[in-house]
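I opened this entry to look up the cavities and one of the sheets. My notes follow in the order I took them.

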Amino acid sequence: MSSFLQIKIYRHKFIAYVIFVLTIGLALGILTCAMLMNQWVGDARIEAANAFSSVENELQYDADRIEAYMQRIYSNPSLMDDARSFLSSSAEGYLTSRLQNSQFSQPLVSFPEDVKTYLYNWAQGEITQISLHANHYGNVVRFNENGTESFMFGLPNTDDAFQDTILKGFVYRKKLSDGALASHELGELRFLVSSDQIFKSIQNYRLGKAAAVSASGDIYFIGNEQDQDLKEFSRLAAANGRSHGYLSKGLFKHVFFVTFPSTKFNFKLVSIVDLSMLIRQHAKMLHSIILIVLTTMISVLLIIVYNMRDDARFLHRIIQSIGRVKTANFTPNRPARYRRNEYGMIARELDDMIQQLDKHIRNEYLLKLKQQETEMKALQNQINPHFLYNTLEVIRSTALVNQDRDTADAIATLGALYRDIVKKENIISIASELELLQKYLDIMEFKYPERFYYQVNVDPALLRVPTVKFWMQPLAENFFIHGFIASNEFSLYIVNGWEAEDYYVLEFVDNGRGIDEERLHTVRSTLSSNDSSSKSIGLRNVNTRLHFFYGNSFSLKIENNEEAGVKISVRISKEVIEHVQTVDHG
């Protein structure tokens with residue numbers, strides 16, 4: 001995945017694909033959820049329509065029952081006479097009147113008993129109150145839940161018992177006329193159909209929250225839901241001119257409503273579907289849809305990543321091969337499984353080209369190495385006799401003045417140094433080269449006791465770096481020839497080494513005599529041009545040998561210190577260290 005994102009082309013394509021897949025996936029998920037929500041709301045609307053139809057049918061059945069009972073009254077004179085007697089303002093008046101109108105040859109007929117038998121029982125308890133009204137009062141027959149009747153006589157027509165509200169029920173009004181004189185009106189019959197009984201039959205419908213709202217604003221809650229939100233939404237839905245729609249209360253309270261106006265009475269059946277509750281009821285299905293959409297999006301993205309990564313891998317290999325050629329790295333690359341497309345063909349041809357270049361350059365490189373090795377040996381032969389001659393002269397002079405144990409130690413150090421020079425390979429580690437330098441500096445401490453000191457401060461990371469043999473000693477010897485001041489009480493030579501991010505640095509610093517600017521400019525020009533006629537044989541040989549070994553990844557810089565003396569800085573690139581080896585690991 002990391003190599004895939006490193007390529008800018010595919011990174012931008014991948015981001016575009018991610019945005020496209022997420023957009024399509026979210027759009028499909030939202031569209032699917034919206035369609036399901038619409039279906040669920042539609043199912044609730046159908047359920048509410050069925051419930052309303054059931055209410056209307058029940059009201060129609062009750063109206064038919066009442067109409068049939070009115071026909072019964074008119075067809076039965078005895079029942080008509082008892083109904084006329086029931087118009088009395090008191091129970092005593094009713095009983096007296098019905099006894100006066102009775103005939104011994106016919107059985108007594110009771111209007112209240114007949115009502116119970118043919119209306120209350122026939123209507124299965126839906127008609128719970130029948131009242132017979134004169135101009136100013138009315139008499140009532142009321143049935144409780146058990147069907148037991150009770151009577152009230154002489155109640156004013158304005159009494160609460162005759163209040164026409166949907167909370168109590170629906171009132172059917174029928175004029176009661178005299179059977180002999182149809183134009184003579186005896187009174188008015190009012191039949192109360194209980195709301196509880198009418199709406200009880202639809203509580204099993206999946207209505208959500210429902211209520212019946214009358215024209216006067218009275219609300220009958222169907223079921224046990226009687227919260228304030230349902231009351232507000234029911235009134236808003238009933239007042240709304242539409243038969244269905246959406247209502248909101250706040251940011252998170254959204255409901256769907258559907259209303260059905262009754263053709264029998266002046267009320268509307270309102271069904272409220274809480275969308276948040278609807279979502280909770282179908283949470284498992286919605287979670288499944290979301291999971292399916294997410295799984296699909298992830299699968300599509302994985303397929304895209306697989307295909308793009310495969311192509312990007314070959315493009316990355318092509319770029320890597322070009323980079324290796326630019327850095328002259330022709331080492332064989334691990335074999336790859338190429339696809340049968342243009343990328344695979346180009347990558348395969350590049351690998352073949354690198355292998356051919358490696359064969360050609362290897363032959364040329366080996367010849368060049370042999371030539372450089374010959375030149376380095378020639379330079380080494382120039383330095384070694386000169387160094388040995390000067391060292392022996394130092395020991396001879398000291399032995400003439402002081403014949404003691406120090407002289408023997410100096411000779412032993414010289415012997416060890418000479419053995420190392422002859423014995424060790426031409427390519428050694430920095431640690432081995434520092435050992436050679438320290439043996440030389442020990443000899444110089446012997447020559448200038450209590451006046452010359454040296455320090456070596458090199459990071460361990462540099463000690464295993466490969467280098468050529470015997471190039472640090474000429475730099476130190478250069479100090480004793482040109483910079484050392486014998487009259488100074490404290491002469492110091494310091495070797496510092498540290499590791500930077502991309503290279504290693506070695507510094508050779510002394511506190512001796514500096515170099516005037518004109519001479520310093522000449523020395524620098526000689527190093528940059530490798531002029532063989534220059535008098536700076538030591539510096540020029542060191543610079544040439546290191547350039548042979550490290551190539552252009554090496555640099556040598558000489559400058560004066562601010563206080564005193566000279567500083568020589570050697571910088572070696574880490575990149576070139578990977579391509580040189582040493583047989584000496586210290």
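**Cavities and a sheet**

I began with the lining of the largest cavity and sorted its residues by class: five are nonpolar, three polar and four charged. I note here that the model is a predicted one.

Next I wrote down which residues these are. From the first stretch I have Q129 and S131, followed by A161, F162, Q163, D164 and K168. The rest of the lining consists of V171, R173, R190, F191 and L192. I then asked which elements give two or more residues to this lining, and found β1 (127-133), β4 (169-177) and β5 (185-194). Of the elements, β5 gives the most, with three residues. For the volume of this cavity I have about 100 Å³.

How many cavities of 30 Å³ or more are there? I count two by this rule.

I went on to the second largest cavity, which has a volume of about 40 Å³. Its lining is made up of K209, D227, D229, L230, F233, K253, V255, I272 and D274. The elements giving two or more residues to it are α7 (228-239), β9 (253-261) and β10 (267-274). Here α7 gives the most, with three residues. By class I get four nonpolar and five charged residues, and no polar ones.

I then turned to the sheet. I find five strands in an open sheet with mixed pairing, and I read their order as β12-β14-β15-β17-β16. Which strands stand at the edges? They are β12 (452-458) and β16 (554-560). Each has a single partner strand, so one side of each is left without a neighbour in the sheet. From one strand to the next, I note an average twist of 10 degrees.

I looked at the pairing of β12 in more detail. It runs parallel to β14 (residues 491-499), and seven bridges join the two strands. Within this pair I located N457, which stands opposite N496 in β14.

Last, I checked what lies across this part of the sheet. Which helix lies across β12, β14 and β15 (503-510)? I identified helix α12 (residues 430-447). Its direction is at about 165 degrees to that of β12.

To close the entry, I put the two cavities side by side. The largest has β5 as the element that gives the most to its lining, while for the second largest that element is α7. Their volumes are about 100 Å³ and about 40 Å³.

Notes:
Residues numbered from 1 in each chain as written. Predicted model: local features only at pLDDT ≥ 70, side-chain atom pairs only at ≥ 80, totals over all residues. Heavy atoms only, no water. 1 Å grid on protein atoms, 1.4 Å probe; cavity = no way out; pocket = protein on both sides within 12 Å on 5 of 7 lines; lining within 4 Å. Points joined across faces, edges and corners; volume = space filled by probe spheres on them. Helix = DSSP H or I, 4+ residues; strand = E, 2+ residues; numbered from the N terminus. Nonpolar A, V, L, I, M, F, W, Y, C, P; charged D, E, K, R; others polar. Pairing = 2+ DSSP bridges. Axes fitted to C-alpha atoms, helices over the stretch in contact; angles between N-to-C directions. Contact = heavy atoms within 4.5 Å.
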